[in-house]
Amino acid sequence: MSRDDDIVMVISNAPDLLLAKRIAHVLVEDGLAACVNLGAPVLSIYSWKGEIEGADEIPMWIKTTAGRQQALIDALSRLHPYDVPEIIVVPVIGGSPAYLGWVREQAGGQQPQ
């Protein structure tokens, strides 16, 4: 069972850099994420409605707390144009205490100690 101040990373993508920047800005501005990293375009190959498709996408790595993850998922789903956007939550099991404290502070969790 996770605690609200546990750190998680949400993995997603966007169809283009402009939308990825917009999503990142909203998530950080609204205090749902401490940081969003946008990667270089990647080619995603997937099956959709029985067809194999490919699309260039911008990967997004979003750092937040377990307590903010559902609000972040709701916002990301609302901001994303895909019917079924990739949204995967990965627990963070360790890292720099100073960085993890900063993520908690920025995402509305506990103050760093």
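**Overall architecture and helix packing of the predicted model**

The mean positions of the 8 positive and 14 negative charges of the protein lie 6 Å apart. These charges belong to a predicted model, in which 3 helices and 5 strands are assigned. Read from the N terminus, the elements follow the order β-α-β-β-β-α-β-α. The radius of gyration of the protein is 15 Å, close to the 13 Å that the globule rule gives for 113 residues, so the protein is as compact as a globular protein of that length. Along the principal axes, the C-alpha atoms fill a box of roughly 50 × 30 × 25 Å.

Burial and contacts were examined next. Of the 113 residues, 37% count as buried. The accessible surface of the protein amounts to about 6800 Å², and 56% of this surface belongs to carbon and sulfur atoms. Among contacts between residues at least 6 apart in sequence, 70% join residues at least 24 apart.

Helix H2 spans residues 69-79, and its buried residues are Leu72, Ile73, Ala75, Leu76 and Leu79. These residues cover an arc of only 165° around the axis, which puts them on the same side of H2. The partners against which the buried residues of H2 pack are strand E1, helix H1 (17-29), strand E4 and strand E5 (88-91).

A corresponding description applies to helix H3, formed by residues 97-106, in which Leu100, Gly101, Val103 and Arg104 are buried. The arc covered by these residues around the axis is only 155°, which puts them on the same side of H3. Strand E1 (7-14) and strand E4 (51-65) are included in what covers the buried residues of H3. Just after H3, Gly108 adopts a positive phi of about 80°.

Strand E4 thus appears among the elements packed against the buried residues of H2 and among those covering the buried residues of H3. One residue of strand E4, Thr65, was considered in detail. Thr65 has a relative accessibility of 1% and therefore counts as buried, the cut-off for this class being under 20%. When residues up to four places away in sequence are not counted, Thr65 touches Asp4, Asp5, Asp6, Ile7, Val8, Val103, Arg104 and Ala107. Among these contacts of Thr65 are Val103 and Arg104, which are buried residues of H3.

Technical notes: Residues are numbered from 1 along each chain as its sequence is written. This is a predicted model: local features need pLDDT of at least 70, side-chain atom pairs count only at pLDDT 80 or more; totals for chains, interfaces and linings use all residues. Side-chain values use heavy atoms; hydrogens and water are left out. Buried means under 20% relative accessible area, exposed over 50%, partly exposed in between (1.4 Å probe, protein chains only). Helices (H or I, at least four residues) and strands (E, at least two) are DSSP runs, numbered from the N terminus. The arc is that of the directions from the helix axis to the C-beta atoms. Contact means heavy atoms within 4.5 Å. The radius of gyration is taken over C-alpha atoms; the globule rule is 2.2 Å times the number of residues to the power 0.38. Accessible areas come from the Shrake-Rupley method with a 1.4 Å probe; for residues, only the protein chains shown count as cover. Lys and Arg count as positive and Asp and Glu as negative; His and the chain ends are not counted. The place of a charge is taken as NZ of Lys, CZ of Arg, CG of Asp or CD of Glu.
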